[in-house]
Amino acid sequence: MTNILITGSAGFIGFNLTKDLLSKKGYKIIGIDNFNDYYDVNLKKRRNKILKKFKNYKFFKIDINNDKKILKIFKRYKPNAIFNLAAETHVDRSIDGPESFIKSNILGVFKLLQAFRKFVERNKNSLLIHISTDEVYGDVLTGRSKEEDAYKPSSPYAASKASSDHLVYSYIRTFKIPAIITNCSNNYGPRQHPEKLIPKLIYNILNNKNLPIYGKGKNSREWIYVDDHCEALIKIFKKGKIGNFYNIGSNINVNNINLMKKLLKIIKTTYMIGDNVKIKFVSDRPGHDLRYAINSNKLKTKLNWKPKINLAFGLKKTFEWYYENQKYFLSLNKRDIVNRLGKKR
């Protein structure tokens with residue numbers, strides 16, 4: 001039995017990775033989450049309820065800043081790998097309130113590293129995989145960011161994740177901990193909080209509301225279906241090289257206007273869209289990067305991974321899930337769905 005510990009196991013990516021591993025043979029998963037996100041706590045509890053149906057899943061409500069409790073869990077379960085997905089994640093909320101991002105994404109990672117450093121003194125075969133974002137590279141107007149490129153984060157969120165990446169790498173170099181760092185592009189899929197663009201658009205379409213798009217809609221992102229990201233993380237756990245960075249993405253970009261058009265085209269084949277579903281350009285996010293784009297060739301060539309789900313099929317699957325599970329939105333506070341975040345005060 002392979003023991004895997006996942007921090008942030010009730011978050012969007014953490015939930016999907018946990019569920020993916022539990023569906024395979026030979027894995028026991030120890031999930032850790034603090035449930036402290038007031039806006040997301042009901043959604044996290046719903047995800048965790050699904051995970052608890054698996055007999056090989058054990059959950060602990062712990063903040064990664066509590067290094068003493070984390071170390072006790074490490075020593076008790078002796079995980080073969082630790083996937084660190086515990087993080088504050090939304091750029092707009094980091095503009096409204098940066099402090100929680102510093103606490104979770106920098107100080108929390110520091111505490112986790114301290115606990116892991118002590119643990120691997122006697123458990124040298126364990127591996128830490130720290131999951132980060134393509135946003136650490138900042139605005140990429142041409143080409144695609146490679147793993148060795150400089151970091152130029154533009155938001156408090158991106159800066160906090162860049163800081164965490166640097167911390168992990170410093171512990172690899174200085175303390176020789178066995179760790180790997182990954183940087184992934186924009187994730188999407190079922191059960192994502194509708195503060196994110198794709199579920200926000202779907203919610204508004206289902207509720208006959210206008211479709212808010214920042215600025216002129218030219219901001220370009222590289223989208224990856226969450227299951228593809230999870231499979232990449234598992235591949236990195238099995239075959240990745242300690243001390244390495246791995247970019248994870250589709251290598252295909254689409255701007256927000258074209259993304260919305262693709263989504264509408266897919267939805268219109270099966271669903272009658274209301275008269276109020278129209279583009280509404282809203283004031284841009286402060287410091288909004290125009291384009292994120294990463295080069296994932298290292299992962300593809302060295303570890304033989306590639307995404308399986310193209311954007312059109314992924315958007316179709318995602319819409320179908322939200323359409324069939326509209327009660328999902330009722331578990332969330334409406335103001336956390338409809339209110340605009342990320343206004344500079």
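**Aromatic contacts in the predicted model**

Across the whole structure, a search finds 21 aromatic pairs, where rings of Phe, Tyr and Trp (its six-membered ring) pair if their centres lie within 6.5 Å, and planes under 30 degrees apart count as stacked, over 60 as edge-to-face and the rest as tilted. The structure is a predicted model, in which local features need pLDDT of at least 70 and side-chain atom pairs count only at pLDDT 80 or more, while totals for chains, interfaces and linings use all residues. Residues are numbered from 1 along each chain as its sequence is written, and side-chain values use heavy atoms, with hydrogens and water left out.

One of the pairs joins F83 and F237, which meet edge-to-face at 6.2 Å centre to centre with 65° between the planes. This pair links distant parts of the chain, since F83 belongs to strand β4 and F237 to helix α8, 154 residues apart; helices (H or I, at least four residues) and strands (E, at least two) are DSSP runs, numbered from the N terminus. Both F83 and F237 are buried, that is, under 20% relative accessible area, with exposed meaning over 50% and partly exposed in between (1.4 Å probe, protein chains only).

The pair of Y271 and Y323 is also edge-to-face, because the ring centres are 5.6 Å apart and the planes stand at 70°. Y271 lies in the loop between α9 and β12, whereas Y323 lies in helix α11, 52 residues apart. Y323 counts as partly exposed because its relative accessibility is 40%. In addition, ring pairs link Y203, W321, Y322, Y328 and F329 into a cluster.
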